[in-house]
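Please examine the sequence and the model below. The explanation that follows moves from one helix and its surroundings to the helices at the start of the chain, and then to several single residues.

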Amino acid sequence: MTSKELLYVKTVADEKNISRAARKLYMAQPSLSQSIQRIEDSVGTPLFLRTNTGMTLTFAGECYYRMACQVLKMFEDFEMEISDINNLKTGRIRLGITNHLGTLILPKVMPRYREICPHVEVEVIEETTARLEQMLLACELDFAFTHTPPLEYIQPQIHYDGMNRDPFVIVLNQEHPLNRRAVVKEGYPYPVLDLKLLKDERFLMLFRTQRIRQITDAVLIKVGIRQPDIFLTLRNFETAQALAAVGTGVTLLPTQYCQLSSAEYHPSFLSIDKSYQAEWELCIASLEGGFLSKADQLFIRITKEILA
């Protein structure tokens, strides 16, 4: 049973005449007659009574006609809904984002997006990077804001569309002796400390599933610190920063995150030489080769324009 067959029966019933129905459907009368006969054969009972005055519905035909009207209306509504979605009059996007990136990105992007697409529903899922990638792979998200992982954590099924880079810095107590060994260099926001000097330090680390930890591990391995002395493992980077400020240990954090240091704790920040590539890249993650609606694409384009 196809939409064409439903339309054939409905049109013949409305016109009560096979010739008029054929003209309305822009098809030959014999073809329409054959189609009606095939439909009746498929359902196993006549749908029309053929009389000298025209064609009238049987009881089975009336049931078929009601069903045809309902289904065709559903088809019509669906086509209109798709048209509205394509013209951004309605629709829904499901985006994932980490808690902290949500505070950085959404207040900048949402007012502009809402102005252009006031009726598109935006569903925001705030999760860890690892969970967001799982949800992408399970097709539970359209796209996610995250950071490009080190090579060993790359998911081949995920496309990482990079936007901008943010270098990591060393966070430690202002009275720490290593502050005196840092060197002022042009092009760096803070004095530069050789990462190798951290080999005997106690570290404050985030969990291995968190992107900051993955970047930190990769950077320390580059300088030969494969088994750092980890004093505490935490989930919140702000807590790690505050603990570093009071001398509990050292930690590595992105520069942008350090700009949100609390008024109560004042750590020291030291830059890392660019040769170590201690940085991460803000990116939009989506399924490789996956479908992104017009609403998705517009949200991504606005984000890139604003964050650029």
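In this predicted model, the buried residues of helix α6 pack against β3 (92–97), β4 (121–126), β5 (143–147), β6 (158–172), α7 (211–222) and β11 (279–287). Helix α6 itself spans residues 129–137, and its buried residues are Thr 129, Leu 132, Glu 133, Met 135 and Leu 136. These residues are on the same side of α6, because the arc that they cover around the axis is only 160 degrees.

Just after α6 comes Cys 139, with a positive phi of about 60 degrees. Such a value calls for attention, because most residues other than glycine have a negative phi. Cys 139 is located in the loop between α6 and β5. Its relative accessible area is 47%, so Cys 139 is classed as partly exposed; the class lies between the cut-offs of under 20% for buried and over 50% for exposed.

A second residue of this kind is Tyr 26. Although Tyr 26 is not a glycine, its phi is positive, at about 55 degrees. Tyr 26 belongs to the loop between α2 and α3 (29–43). Is Tyr 26 buried or exposed? With a relative accessibility of 78%, Tyr 26 counts as exposed, because the exposed class begins over 50%.

The loop that holds Tyr 26 joins two helices, and these may now be considered together with helix α1. Helix α1 covers residues 3–15 and helix α2 covers residues 18–25; their axes come within 8 Å and cross at roughly 130 degrees. How is α1 placed relative to α2? The crossing makes α1 oblique to α2, because an angle of 65 to 115 degrees would count as roughly perpendicular and one over 145 as roughly antiparallel. The crossing in which α1 passes α2 is right-handed. On the α1 side, Leu 7, Tyr 8, Thr 11, Val 12 and Glu 15 take part in the contact, and they meet Ile 18, Arg 20, Ala 21, Lys 24 and Leu 25 of α2. Sorted by class, the residues of this contact are 6 nonpolar, 1 polar and 3 charged.

The next pair is α2 with α3. Their axes are 9 Å apart, and the two helices pack at an angle of about 105 degrees. Helices α2 and α3 are therefore roughly perpendicular to each other, since the angle falls in the range of 65 to 115 degrees. From α2, the residues Ile 18, Ser 19, Ala 21, Ala 22 and Leu 25 meet Gln 29, Leu 32, Ser 33 and Ile 36 from α3. This contact of α2 with α3 has 6 nonpolar and 3 polar residues, and no charged residues.

The remaining pair here is α1 with α3. The axes of these helices come within 10 Å and cross at roughly 110 degrees. That angle makes α1 roughly perpendicular to α3. In this contact, Glu 5, Tyr 8, Val 9 and Val 12 of α1 meet Leu 32, Ser 35, Ile 36 and Ile 39 of α3. The residues of the contact divide into 6 nonpolar, 1 polar and 1 charged.

Helix α7, which was named above among the partners of the buried residues of α6, offers two residues for study. Asp 217 is found in α7. Is Asp 217 buried or exposed? Asp 217 is buried, because its relative accessible area is 14% and the cut-off for buried is under 20%. When neighbours within four places in sequence are left aside, Asp 217 is in contact with Met 205 and Arg 208. Gly 247 is 30 residues from Asp 217 along the chain, and their C-alpha atoms are separated by 21 Å. Ile 221 is also found in helix α7. Its relative accessible area is 36%, so Ile 221 is partly exposed. Between the C-alpha atoms of Ile 221 and Phe 143 the separation is 31 Å, and the two residues are 78 residues apart along the chain.

The final stop is helix α10, which spans residues 294–307 and contains Lys 294. Lys 294 is partly exposed, because its relative accessible area is 47%. Apart from neighbours within four places in sequence, Lys 294 is in contact with Asn 86 and Leu 88. Asn 17 lies 277 residues from Lys 294 along the chain, and the C-alpha atoms of these two residues are separated by 44 Å.

Terms used:
Residues are numbered from 1 along each chain as its sequence is written. This is a predicted model: local features need pLDDT of at least 70, side-chain atom pairs count only at pLDDT 80 or more; totals for chains, interfaces and linings use all residues. Side-chain values use heavy atoms; hydrogens and water are left out. Axes are lines fitted to C-alpha atoms, for helices over the stretch in contact, and angles run from 0 to 180 degrees between N-to-C directions. Helices (H or I, at least four residues) and strands (E, at least two) are DSSP runs, numbered from the N terminus. Angles under 35 degrees count as roughly parallel, over 145 as roughly antiparallel, 65 to 115 as roughly perpendicular and the rest as oblique. A crossing is left-handed if the near helix is turned anticlockwise from the far one by less than a right angle, and right-handed if clockwise. Contact means heavy atoms within 4.5 Å. Ala, Val, Leu, Ile, Met, Phe, Trp, Tyr, Cys and Pro count as nonpolar, Asp, Glu, Lys and Arg as charged, and the others, Gly among them, as polar. Buried means under 20% relative accessible area, exposed over 50%, partly exposed in between (1.4 Å probe, protein chains only). The arc is that of the directions from the helix axis to the C-beta atoms.
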